Amino acid sequence: MSRPFSVHPLGTLPAALCVFLLLAAPSAARPAAAEPTTAELSLASSDFPDGAAKVSKQQYVKSVAPATSTYSRSFKSGTRVGGTLLLMFESEVSLYPTPALAAKDVQDFRRALSTKAGRSAFGGFIASGFRKESKLKLNRVAVSQPVSLGAGQSSVHVSTTFVLADKRNLVIHMVLVQTDRALAMLIAMPLGPRFAKADVRALAQLQSGRLQRSFTVANMGVPAVSGTVLPTQTLTVSTGDWRGAPSTYSYQWSRCDSTATTCTDIAGATSPTYVVALEDTGSVLRATVVAGNSVGSSSATSGVTAPVA
């Protein structure tokens, strides 16, 4: 999901991590207007305490199918997470057509690095890019076992240690957090030798919180009923306006007394359209829409129609 950090001693490591995942590549690619923007889904300076994180670069980058939009935001050296200072930090988020496809990339990555052979292949891939792009002499690369962080709907944390010829170690941490159709990748390098486990989890929870808020469904405009309110005529209810990227809608039509103080659900009337029945004569009608996604759901009810003549 990323581009090379050409000014960083680790060269193309972030890009190598992303190619391994087959997630994305450089280039502008903005999301469709109806989708939550990946720019809003990526971690921002406002997610950190005042002055703890400053953006150095941000842009849309080209997505690789099945992802539909990807945005990357890089932060300046000195970003603080808990008690850890970061020399390098990037938050990159991709949107997928379905939650299942986003979760699959996390599962596939975890499965690949759960074996010694998989970690060896991953380490070799990264080492090859390192030696090509960096002036530092590398002895070997060690990749940790993947660990779940309990963030979002699925998550995984992996660290990669670069053992240099001069005996120094450089450690890069990669965190994937998935919620609904969004998959965030966080790449961080601590300024010191350690990135406390509590701080890694805190970083994952920051990203999870932003994704959770973005996919919390809430109504922004009630549904509206249109059509002629006469027996045998068809009424139609709109979905209404929503935030939180709902992916499913369900419907329930109700029959109310003329003052709309007492309403009863109409059995079987669970589609966006309803054919007015003779027994509706003298009543007013309304419809309730439930919008939802994998995070949750919310409902909104239309105004009532004129009395059925």
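A search of the whole structure, which is a predicted model, finds one disulfide. The link joins Cys256 to Cys263, with an S to S distance of 2.1 Å, and it is right-handed, with 105° about the S-S bond. A disulfide is a covalent bond between the sulfur atoms of two cysteines. The two partners fall into separate accessibility classes: Cys256 counts as buried because its relative accessibility is 2%, under the cut-off of 20%, whereas Cys263 counts as partly exposed because its value is 27%, which lies between the limits of 20% and 50%.

Both cysteines belong to strands, Cys256 to β14 (248-256) and Cys263 to β15 (263-265). These strands take part in an open sheet of four strands, in the order β15-β14-β17-β18, with antiparallel pairing. Its edge strands are β15 and β18 (297-301), each of which pairs on one side only, and the twist averages 30° from one strand to the next. Within this sheet, strand β17 (residues 284-292) and β18 pair in the antiparallel sense over five bridges, and Val289 has Ala300 in β18 as its bridge partner.

A further open sheet has three strands in the order β11-β12-β16, and here too the pairing is antiparallel. The edge strands are β11 (225-226) and β16 (273-275), each pairing on one side only. Strand β11 is joined by two bridges to strand β12 (residues 234-237), the two running antiparallel, and the bridge partner of Ser226 in β12 is Thr236.

Strand β3 (residues 69-75) is largely enclosed by the rest of the structure, because seven of its seven residues are buried. Ser69, Tyr71, Arg73 and Phe75 point one way from β3, while Thr70, Ser72 and Ser74 point the other way, and all are buried. Strand β3 runs antiparallel to strand β2 (residues 55-63), to which six bridges join it, and Thr70 of β3 is the bridge partner of Val61. Strand β3 also runs antiparallel to strand β5 (residues 84-95), to which it is joined by seven bridges, and in β5 the bridge partner of Ser72 is Glu92.

A hairpin of five residues connects β2 to β3. Pro66 has its place in the loop between these two strands, and a cis peptide bond, with omega about 15°, joins Ala65 and Pro66.

Two alanines call for attention in their backbone angles. Most residues other than glycine have a negative phi, and most peptide bonds are trans. Ala245, however, has a positive phi near 55°, and Ala260 has a positive phi of about 60°. The table sets out their places and accessibilities.

| Residue | Phi | Place | Relative accessibility |
|---|---|---|---|
| Ala245 | near 55° | loop between β13 and β14 | 13%, buried |
| Ala260 | about 60° | loop between β14 and β15 | 28%, partly exposed |

Ala245 therefore counts as buried, since its relative accessible area of 13% is under the 20% cut-off, while Ala260, at 28%, counts as partly exposed. The loop that holds Ala260 lies between β14 and β15, and the disulfide joins Cys256 to Cys263, residues that belong to β14 and β15 respectively.

Note on methods
Residues numbered from 1 in each chain as written. Predicted model: local features only at pLDDT ≥ 70, side-chain atom pairs only at ≥ 80, totals over all residues. Heavy atoms only, no water. Pairing = 2+ DSSP bridges. Axes fitted to C-alpha atoms, helices over the stretch in contact; angles between N-to-C directions. Disulfide = S-S within 2.5 Å. Buried < 20%, exposed > 50% of the residue type's maximum accessible area, 1.4 Å probe, protein only.
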